[in-house]
Amino acid sequence: MTTTATAPAETPTDAPTLTATGVTMRFGGLTAVRNVDLTVRHNEIVGLIGPNGAGKTTFFNCLTGLYTPTEGTVAYKGVKLPPKPHLVTKAGIARTFQNIRLFANMTVLENVLVGRHTRTKEGLFSALLRGPGFRRAEHASEQRAMELLTFTGLAAKRDHLARNLPYGEQRKLEIARALASDPGLLLLDEPTAGMNPQETRATETLVRAIRAQGTAVLVIEHDMRFIFNLCDRVAVLVQGEKLTEGTSDTVQADERVIAAYLGTPFEGAPGEEEAAEVAAAEARTEEGDEQ
Amino acid sequence: MNAMNSMNPQKTANDDGTGNGNGNGTAVPTTETTPVIPLPLGTARLLTATGALLSAASTFLSWTWTTAFPGNLTVTGYPGGLQLLTLTGALLTLAYTLTAWNLPGLRWLNPAAGHNATALMATATLATTWYTLIAISVQLGGLANLEPGGYAAALTTLLTLLGALALPLDRRTAHSFPRTSHLSTTRTGTALRSILRTIRPGRTDRQPPPARPLPTWAEILIITAAFGLALGLVTYGIGTAYGELFTGFLLLAGLGAAALTRAGLLGRLTALTAKHRTPTVTAAFAAAALFPLTQDTDQYTLIAVNILIFSTVALGLNVVVGLAGLLDLGYVAFLGVGAYTAALVSGTTASTLNIHFPFWAAVLTGAAASLVFGVVIGAPTLRLRGDYLAIVTLGFGEIFRITVGNLNGESGPSLTNGPNGIPNIPDLVLFGYKFGSTHHLGSITLNPFANYYLLMLLFTVIVVLVFSRAGNSRIGRAWIAIREDETAATAMGINGFRLKLLAFALGATLAGLAGTVQAHVAYTVVPEQYVFAGPVPPNSAFLLAAVILGGMGTISGPLLGAALLYLIPAKLQFLQDYQLLAFGAALILLMRFRPEGLIPNRRRQLEFHEGTTGSSTLTHAEAPTP
């Protein structure tokens, strides 16, 4: 790693953390995601929004290898990712799930230790022989896991079963577990779903802190305030296609986005005639009132 | 314990003020400390103590007139056979009754300081005694065969139980207790909460106070004594000469164990063993190694060897089922591969391969053959999940048996002699030590099966070590993660297929190890030993049952489960025809009342009894996990 002849994956500082090009996902006749391009640069927080059923989670699953995209490629720091979830995580992309998927009957600490799996390599034989190397690795893993639990504020609950944590802490634990694989990019699938405003603000702070540690974040969310507060860039997915992409202000001002969420007025109305009629009617009522 | 609650579902008046008389079914605690039979406390104690004393005395009388009932219960003057069990139960009941008076030498018996242990012990005594009397009446044809001593025993044990039921017991109320605290919103809430302060909500386990710290040597001495006692119990159980004695023993031991658990004594012991792990494991295996020295004949040592083989294989299956969560219904095939391999290279004249490996080489070959077989079966099947995996493994298990039944030179290549199997497997010779002959080491006599027992014990130790070390490592955590949620596990970077294959292969190897010893113990291997379900353990169904009955994911669970599943059919010959029926009924009852198994994994116990335990870590709102 210290030699000058490094692999191309490690040198390019300008290569974006994530490049998805022309990602298309078809389930039989249904096209859930159509030709989506997305780039996440180093240390950037990118939001992905869209109405229900727009294909956001499907797109996430394509990125993390849970689905093999029908067309298109996904590259992490310039290297094409194989469509296998464990290899994607190994490459440096970690994720959380829309419905919390913790290892419910493992303790909080064990959950995070499982997240360390790709960054440790002690096999069965070293576990059976329990040499000094094994003990050192276990100790190091535990230390790193405790750091992450302290970071997310769960250190006091290390020996609780994951299933017994309150909802908000389960979300935090999922993030801690994902961070345990030392990812360069963290994918958060609706991290504030079901949270109250205080918890949402806490999550916002947490995501900023994660970015401050040098991890880029791609986040799906329905909470617009959360997204527009937090994200450097926001991409809008509607019916499987990327509608637009830009800063919070650009996206908020985009009429197509508003249309996608709220619908378009009937036949381009209110037209001028109708507006005039309404104005006339109002004027008559006012006159009547005055009399 | 449930029986006791159901005896009187109505709440009764309480005399120590800790019960509650609230009858509006909206919010009532689940437990109360009230007697089932209303009597003053002093009277109840006196009644229990007198009853226990008289029950003990009744065992010195003759219970029946003829020696036709096994164990000779005809003698007046000293107890015999099943009477000894009643005597033990009665004395323990007496001891537990006396703990209520806080006698200094007895306080350690009942750390939880409730009366439930007394009541359970009285129930155990009653069950054993009445079972004996009923067995006498049924076997000899009528109540006329009971002597006055028998009637005295029946009455005094009943008296003891009645006295014990008049003691204030922790028990559930007739009304169920809502889990969430609607209490504060109901009108009677405030009144109820004051009562709640005196009564622990949730299950009826009292939390004993933490044990007084003892010097390390004393604690280790206690552990050693406990395992010595356990060895005595197991030796007695295996050595019971007739089925009635075994049933009586099982009744007393089972209910007695429940009483000790309720008294908090077993909990204290568990805490001690958790504190001193290495001494505990050493003591456990030292006690196990002492077993053959207590035996004069081969008869019970053979049973013990078979129990060890069965439990070792069950522990191997526990890697696959308990840790990685892969339901394998054809596991016995791996035992078969190991046994057939060892038989083929054992040098028997019946072997089609004319070779004779030394034992260590045979063990390695057997384990390797099982490993290969495991990988070959696992590689295609482990891509399936859940039910599909169970069906395919079931199929492969049967394919193994049918295949070795056909490799006889006629319907297939000549390898295994078909259904006749491979007989005349010679006894082992290891470093000049002949396993087939009786050895005298000083005053110690080791008969052939005792030799095999000690060898098998070594293998058990190896499997226990492998299980505990693999389970508590990066690999073990990955297995448990796969069991919990495979999709999330792969998203955390775990190569699901590879780790499942590893679990499958490790399980197969461990079964293969046990198989190599089994071939020599049984002298013959035939395909019919390796069926899916049959009357003789080990077979796939019994192995799985041993794991589930004992407790998935634990070490002692499958060992205990296998011991019980082997001993019960071996001892109760009359059950032979109904064995599978009784087995099914037992499994249903167990799943209803103790789904986590006899020895629960800490995790699974929390999983199944959440909300009903009193621990504060479990009272948080449960998140809506999918």
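Two strands count as paired if DSSP finds at least two bridges between them. Keep that in mind for this predicted model, which scores ipTM 0.85 and pTM 0.80.

**Exercise 1. Work out the antiparallel sheet of chain A.**

Solution.
- Start in the middle of things: A:Ala20 stands opposite A:Val74 in strand 4 of chain A.
- Now widen the view to the strands themselves. Strand 1 (residues 18-27) and strand 4 (residues 71-76) of chain A are joined by 5 bridges and run antiparallel.
- With at least two bridges as the cut-off for pairing, these strands of chain A qualify with their 5 bridges.
- Next, get the full order: this is an open sheet of 4 strands, 2-1-4-5 in chain A, with antiparallel pairing.
- The ends of that order are strand 2 (30-40) and strand 5 (79-80) of chain A, edge strands that each pair on one side only.
- Finally, see what packs on the sheet. Helix 1 (residues 56-63) of chain A touches strand 1, strand 2 and strand 4 of chain A, and its direction makes about 115 degrees with that of strand 1.

**Exercise 2. Lay out the mixed sheet of chain A and place strand 8 in it.**

Solution.
- Take the order: 6-7-8-3-9-10 in chain A, an open sheet of 6 strands with mixed pairing.
- At the edges sit strand 6 (93-95) and strand 10 (241-246) of chain A, each pairing on one side only.
- Neighbouring strands here are turned against each other by 20 degrees on average, if you ignore direction.
- Zoom in on one side of strand 8. Strand 7 (residues 185-189) of chain A runs parallel to strand 8 (residues 216-220) of chain A, with 5 bridges joining them.
- Two residue pairs illustrate this: A:Leu188 stands opposite A:Val219, and A:Asp189 has A:Ile220 as its bridge partner.
- Then look at strand 3 of chain A, which pairs with strand 8 of chain A in the parallel sense over 4 bridges. Here A:Ile45 has A:Val217 as its bridge partner.
- One helix goes across part of this sheet: helix 10 (residues 255-262) of chain A lies across strand 3 (45-49), strand 9 (233-238) and strand 10 of chain A, at about 130 degrees to strand 10.

**Exercise 3. Is strand 8 of chain A largely enclosed or open, and why?**

Solution.
- Buried means under 20% relative accessible area.
- Sort the side chains by direction. A:Ala216, A:Leu218 and A:Ile220 point one way from strand 8 of chain A, while A:Val217 and A:Val219 point the other way, and all are buried.
- Conclude: 5 of the 5 residues of strand 8 of chain A are buried, so the strand is largely enclosed by the rest of the structure.

**Exercise 4. Check two helices of chain B against their expected spans, and see how they are buried.**

Solution.
- Chain B has 22 helices and 6 strands, and 50% of its 626 residues count as buried.
- For helix 2 (residues 41-58) of chain B, 18 residues at 1.5 Å a residue should span 26 Å; the end C-alpha atoms are 25 Å apart, so the two agree.
- Among the buried residues of helix 2 of chain B are B:Ala44, B:Thr48, B:Ala52 and B:Ser55. Their cover includes helix 3 (82-99), helix 4 (116-140) and helix 5 (148-165) of chain B.
- Repeat for helix 18 (residues 496-522) of chain B: its 27 residues should span 39 Å, and the end C-alpha atoms lie 38 Å apart, which agrees.
- Because 23 of those 27 residues are buried, helix 18 of chain B is largely enclosed by the rest of the structure.
- Right after helix 18 of chain B comes B:Tyr523, with a positive phi near 65 degrees.

**Exercise 5. Describe the contact between the chains.**

Solution.
- Count the participants: 42 residues from chain A and 40 residues from chain B.
- Chain A and chain B bury about 3,700 Å² between them, with 60% of it on carbon and sulfur atoms.
- On the chain A side, A:Asn105, A:His117 and A:Leu124 supply 17% of the area buried against chain B, more than any other three residues.

**Exercise 6. Decide where to read chain B with care.**

Solution.
- Chain B averages a pLDDT of 80, and 84% of its residues score at least 70.
- Over residues 1-28 of chain B the pLDDT is below 50, though this stretch has 62 contacts in the model beyond near neighbours in sequence.
- Residues 175-185 of chain B also have a pLDDT below 50, with 22 such contacts.
- Where pLDDT is low, the predicted coordinates should not be read in detail.

Key:
Residues are numbered from 1 along each chain as its sequence is written. Chains are lettered from A and ligands numbered from 1 in the order in which they are written. Side-chain values use heavy atoms; hydrogens and water are left out. pLDDT is the predictor's confidence in each residue, from 0 to 100. Contact means heavy atoms within 4.5 Å. Axes are lines fitted to C-alpha atoms, for helices over the stretch in contact, and angles run from 0 to 180 degrees between N-to-C directions. The expected span of a helix is 1.5 Å times one less than its number of residues. Buried means under 20% relative accessible area, exposed over 50%, partly exposed in between (1.4 Å probe, protein chains only). Buried area is the accessible area (1.4 Å probe) that two parts lose on being put together, summed over both.
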